[in-house]
Amino acid sequence: MANIGFIGLGNMGRPMMKNLLKAGHSVRAFDVMAASREAAVQDGATVVNDAPAVLAGADAVFTMLPAGEHVRSVYLGANGLLAKCTNKPIFIDCSTIDVGTAREVARAASDAGLEMVDAPVSGGVGGAAAGTLTIMVGGTDAAFARAKAFLDPLSRLVVHAGGAGNGQAAKACNNMILGITMIGVCEAFVLGEKLGLDHAKLFEVTANSSGQCWSISNYCPVPGPVPASPANNDYKAGFTAAMMLKDLKLAQQAALAAGASTPLGAEAQSIYSLFNAAGYGDMDFSGIINFLRGS
Ligand code: NAD
């Protein structure tokens, strides 16, 4: 079994780290929050006092951080992981960040003679706990082959999406689809209400017709049809509206840089911006149905 370093023990990182421990690996862990470090001790990890200290003896180093700026600060600079590294672990960044930063950090790793992949995840806190994430990976074939063995205990599917940054590119495209389809599904259910359609009937039709999509079949935004969807629990997140907005912004940033026309992605970003600005950032992203209903 391997020695793993893990940095970023938040809502996603902690359960992912626990699954690596469960798979029999040893983990050296770090988070800037004292409470997260204490929890990791309870979980059976060895906790260290700063990020580079996870490197000692590591075969793989995971990072699961909020955004690009955090990834930059942990990897780059004189006190960053790349400068402090004297061994050759595979670096696996599972954070959801912008494609540009992912490519910049991967290039810095390569310049230092180190291997790195970007490996953002889909499946939320539930998927992290159950070890059923979908993981989209960007990096060389050799880096992917090294990372895959460490990603398997966390996931039900690991996809090699191409070179450095392509994991983040796939994640941005997927979540742009999700934001757009959720708004579309919410609009259809609100229209149905106004036309006198029963939620259950509209669900039965759309889940079995050409309008079918994940936002209907797995995450229906009205109570009833999909018992596990947050609509049945007062829109308690789940996946917060703030996170959806973050991912839609990443998609727009990528679209702008690549010269891609994504008008519906842009519209979804402005609708989620309004929802967040109205104070609903902590609500599940499907709660936007109430906003569209005007209630
Ligand atoms: P979180 O805020 O709960 O956890 C992030 C952790 O990183 C925190 O514990 C924080 O203290 C720590 N941290 C920040 N800066 C650090 C540093 N310099 N050194 C060490 N630790 C540091 O966030 P999360 O929900 O776990 O999400 C992590 C990433 O996963 C984000 O990029 C998010 O977009 C992505 N993601 C989240 C979900 C979800 O449902 N929560 C789903 C898919 C992807």
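The following exchange concerns the ligand site, the second largest pocket and one loop of a predicted model.

Trainee: On what basis are residues numbered and features accepted here?
Mentor: Residues are numbered from 1 along each chain as its sequence is written, and side-chain values use heavy atoms, with hydrogens and water left out. In this predicted model, totals for chains, interfaces and linings use all residues, whereas side-chain atom pairs count only at pLDDT 80 or more and local features need pLDDT of at least 70.

Trainee: How many residues surround the ligand?
Mentor: A residue is near a molecule if one of its heavy atoms lies within 4 Å of it. The closest are Asn11, Met12, Asp31, Leu65 and Lys246. The shell comprises 14 nonpolar, nine polar and three charged residues (Ala, Val, Leu, Ile, Met, Phe, Trp, Tyr, Cys and Pro count as nonpolar, Asp, Glu, Lys and Arg as charged, and the others, Gly among them, as polar). The number of residues that surround the ligand is 26.

Trainee: Where does the ligand lie with respect to domain 1 (3–163) and domain 2 (169–293)?
Mentor: The domain bounds come from an automatic or database domain assignment. Both domains give residues to the shell, so the ligand lies between domain 1 and domain 2.

Trainee: How much of the ligand's accessible area does the protein cover?
Mentor: A backbone N or O atom of Met12 lies 2.8 Å from an oxygen atom of the ligand, and a backbone N or O atom of Leu65 lies 2.9 Å from a ligand oxygen. On its own, the ligand has 840 Å² of accessible area (Shrake-Rupley method, 1.4 Å probe). The covered share is 86%.

Trainee: Which element gives the most to the lining of the second largest pocket?
Mentor: A pocket is an open set of points on a 1 Å grid over the protein atoms alone, where a 1.4 Å probe fits, with protein on both sides within 12 Å along at least five of seven lines; lining residues have an atom within 4 Å of a point. Its 16 lining residues include Val99 and Ala251, which are among those nearest the centre. Helices are DSSP runs (H or I, at least four residues) numbered from the N terminus. With seven residues, the largest contributor is α11.

Trainee: Which residue is joined to Ala237 by a cis peptide bond?
Mentor: The omega of this bond is about 20°. The partner is placed in the loop between α10 (214–217) and α11, as is Asp234, whose phi is near 55°. The residue joined to Ala237 is Gly238.

Notes:
A polar contact is a pair of N or O atoms within 3.5 Å; within protein, one must be able to donate a hydrogen and the other to accept it, and residues adjacent in sequence count only if both atoms are side-chain atoms. Helices (H or I, at least four residues) and strands (E, at least two) are DSSP runs, numbered from the N terminus.
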